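Good morning, colleagues. Please turn to the model on the screen, and I shall take you through its main features in order.

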Amino acid sequence: MNTDERDVSPEKTFSLLGNDTRIGIIQALWKADEPLSFSELYDRVGLSDSGQFNYHLNKLVGLFVRQKDGKYELPFAGFRVIGAILSGTYTQRAEPATYELDLPCIKCETRLEAEYDEEMVTVRCPTCNEQRSAFGFPPGAFEGRDVDELPQTFERWLRNVFSMMTDGICLNCSGRTVGSLVTESEYFEQEAEIGVEFVCERCNDHAFGSVGSYILQHPAVVAFHYERGIDLCEQSAWELEWLIDNDSRILSDEPLLVEHTVELDGDELTLTVNDELTVEVE
Ligand SMILES: [Zn+2]
Ligand SMILES: [Zn+2]
């Protein structure tokens, strides 16, 4: 990578994109699916003044557009701009809405509801009046998906975001995340006493989950379900009773050690999580 080209301040980077012609150039290269010559790109953007076009194109080259063998194409940063436009986090404002999900509450069978407001999804049971999850969700992700698909889309999104954070990578800025067991958090619902929190060292983005949702990825837990006919890749986490019950027990305060039991068909699997988030099967 040419660091001279990349060493641009955030203000300058964003101001580079604040122009219709430049966004048009990036979109034309994305739609083309192959490198374009200057004249091909100029025709597709449809600007009448080639001098103006050249000026704007040159502003993008080196950062959002790559020039190679006399043609233009999108580098990774250009695709990220397209991704941000399509996911709509910055460009669309989805209206607040409540969706009745095709997913029963495991405790009372009422259909779960998802409220969407200010790019946040809150899944709750209206009868038990219990919140299942709350998470950020880009408005563009609603496009082309009908309401039947929402439970799975929400759940996959949440699980993958959490999985990236637990793997040490921030989805927001790709910085390093660090995780810990926490006994105090603004995210706690009334009965929760302990959870797992991941914080990005760079952008300070947070992800908070129950101890159950953290151990859900452990191979022993995956195998325990699989042996009892449940594929955790298919199964919605909102239908797992042991996970909803959120029954973690603190074994030691200093250092923190937590125990969590996975229960299925009368069988039990107990795991511990220590303050370094190491999981062990008891
Ligand atoms: Zn309920
Ligand atoms: Zn970050």
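I begin with a term: a nonpolar core is a set of buried Ala, Val, Leu, Ile, Met, Phe, Trp, Tyr and Cys residues joined through side-chain atoms within 4.5 Å. Buried means under 20% relative accessible area, exposed means over 50%, and partly exposed lies in between, with a 1.4 Å probe and protein chains only.

This is a predicted model, in which local features need pLDDT of at least 70, side-chain atom pairs count only at pLDDT 80 or more, and totals for chains, interfaces and linings use all residues. Residues are numbered from 1 along each chain as its sequence is written, chains are lettered from A and ligands numbered from 1 in the order in which they are written, and side-chain values use heavy atoms, with hydrogens and water left out.

Which residues touch the most other members of the largest nonpolar core? They are Leu-181 and Ile-215, in a core of 31 residues. At least two residues each come from helix H7 (150–166), strand E9 (195–200), helix H8 (211–215), helix H9 (219–226), H10, E12 and strand E13 (267–274). E12 gives the most, with 4 residues. Helices here are DSSP runs of H or I with at least four residues, and strands are runs of E with at least two, numbered from the N terminus.

I turn now to the metal sites. Donors are N, O and S atoms within 2.8 Å of the metal (3.2 Å for Na, K and Ca); water is not among the atoms, so sites may look incomplete. For the zinc ion (ligand 1), the protein donors are the SG atoms of Cys-105, Cys-108, Cys-125 and Cys-128, at 2.2 to 2.3 Å. Their spacing along the chain is C-x2-C-x16-C-x2-C. Cys-108 sits in the loop between strand E4 (97–104) and strand E5 (111–117), and Cys-125 in strand E6 (residues 120–125), so this pair ties together parts that are 17 residues apart in sequence. Cys-108 counts as partly exposed because its relative accessibility is 27%, whereas Cys-125, at 0%, counts as buried.

Why is the arrangement around the zinc ion (ligand 1) called tetrahedral? It is because the 4 donor atoms subtend angles of 104 to 112°; four donors count as tetrahedral if all angles lie between 85 and 135 degrees.

The zinc ion (ligand 2) has as protein donors the SG atoms of Cys-170, Cys-173, Cys-200 and Cys-203, at 2.2 to 2.4 Å. This site is also tetrahedral, with angles of 98 to 117° among its 4 donor atoms, and the donor residues are spaced C-x2-C-x26-C-x2-C. Both Cys-170 and Cys-173 are buried.

Next, the backbone. Most residues other than glycine have a negative phi, and most peptide bonds are trans. Ser-174, although not a glycine, has a positive phi of about 65°; it lies in the loop between H7 and strand E8 (177–182). At 49% relative accessibility, Ser-174 counts as partly exposed. Asp-265, likewise not a glycine, has a positive phi of about 50° and is placed in the loop between E12 and E13. At 64%, Asp-265 counts as exposed. Finally, the peptide bond from Glu-254 to Pro-255 is cis, with omega near -5°, and Pro-255 lies in the loop between strand E11 (248–253) and E12.

Methods: Four donors count as tetrahedral if all angles lie between 85 and 135 degrees; four count as square planar and six as octahedral if opposite donors are over 155 degrees apart and all others between 65 and 115; anything else is irregular.
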